[in-house]
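User: I should like a close look at a single part of this model, with the surrounding chain described as context. Please state the criteria behind each term.

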Amino acid sequence: MEQFEYKTLFTDAKGVFGGKVDQGVFQNELNELGLQGWELVSTVAAAQSYGSTRWIISILKRKIR
């Protein structure tokens, strides 16, 4: 049976009202994790007040060898 380990990546959505993510930095971080064997499973936005995004939460997995 395959076994996996999981990682949770929290990306700060900066700005007074949230919702601003540096796309280049976010993509580079995901690419770096991909090179380490991590696979992106899911990404969700966590809201703060008035529905603005505060965090981008990414769930990744990789096989345990």
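The request and a connected answer follow.

User: Which aromatic pair does a search of the whole structure find, and in which strands do the two residues of the pair lie?

Analyst: The model is predicted, so local features require pLDDT of at least 70 and side-chain atom pairs pLDDT 80 or more, while totals for chains, interfaces and linings use all residues. Residues are numbered from 1 along each chain as its sequence is written, and side-chain values use heavy atoms, with hydrogens and water left out.

The search of the whole structure yields one aromatic pair. Phenylalanine 10 and tryptophan 55 form an edge-to-face pair, because their ring centres are 6.1 Å apart and their planes stand at 90 degrees. Rings of Phe, Tyr and Trp (its six-membered ring) pair if their centres lie within 6.5 Å; planes under 30 degrees apart count as stacked, over 60 as edge-to-face and the rest as tilted. Phenylalanine 10 belongs to strand β1 (residues 4–12) and tryptophan 55 to strand β3, so the pair ties together parts that are 45 residues apart in sequence. Strands are DSSP runs of E with at least two residues, and helices are runs of H or I with at least four, numbered from the N terminus.

Tryptophan 55 is partly exposed, at a relative accessible area of 32%; buried means under 20%, exposed over 50%, and partly exposed in between (1.4 Å probe, protein chains only). Threonine 11, also found in strand β1, is buried at 10%. Leaving aside residues up to four places away in sequence, threonine 11 touches Val21, Phe26, Arg54, Trp55 and Ile56, where contact means heavy atoms within 4.5 Å.

Threonine 53 lies in strand β3, which covers residues 53–63. With 22% relative accessibility, threonine 53 counts as partly exposed. Its C-alpha is 6.4 Å from that of alanine 13, although the two residues are 40 apart in sequence.

As for the context, the chain has one helix and three strands, in the order β-α-β-β along the sequence. Of the contacts with a separation of 6 or more, 57% join residues 24 or more positions apart. Buried residues account for 20% of the 65 residues. The C-alpha trace spans about 45 × 25 × 10 Å along its principal axes. The radius of gyration is 14 Å, whereas a compact globule of 65 residues would have one near 11 Å; this radius is taken over C-alpha atoms, and the globule rule is 2.2 Å times the number of residues to the power 0.38.
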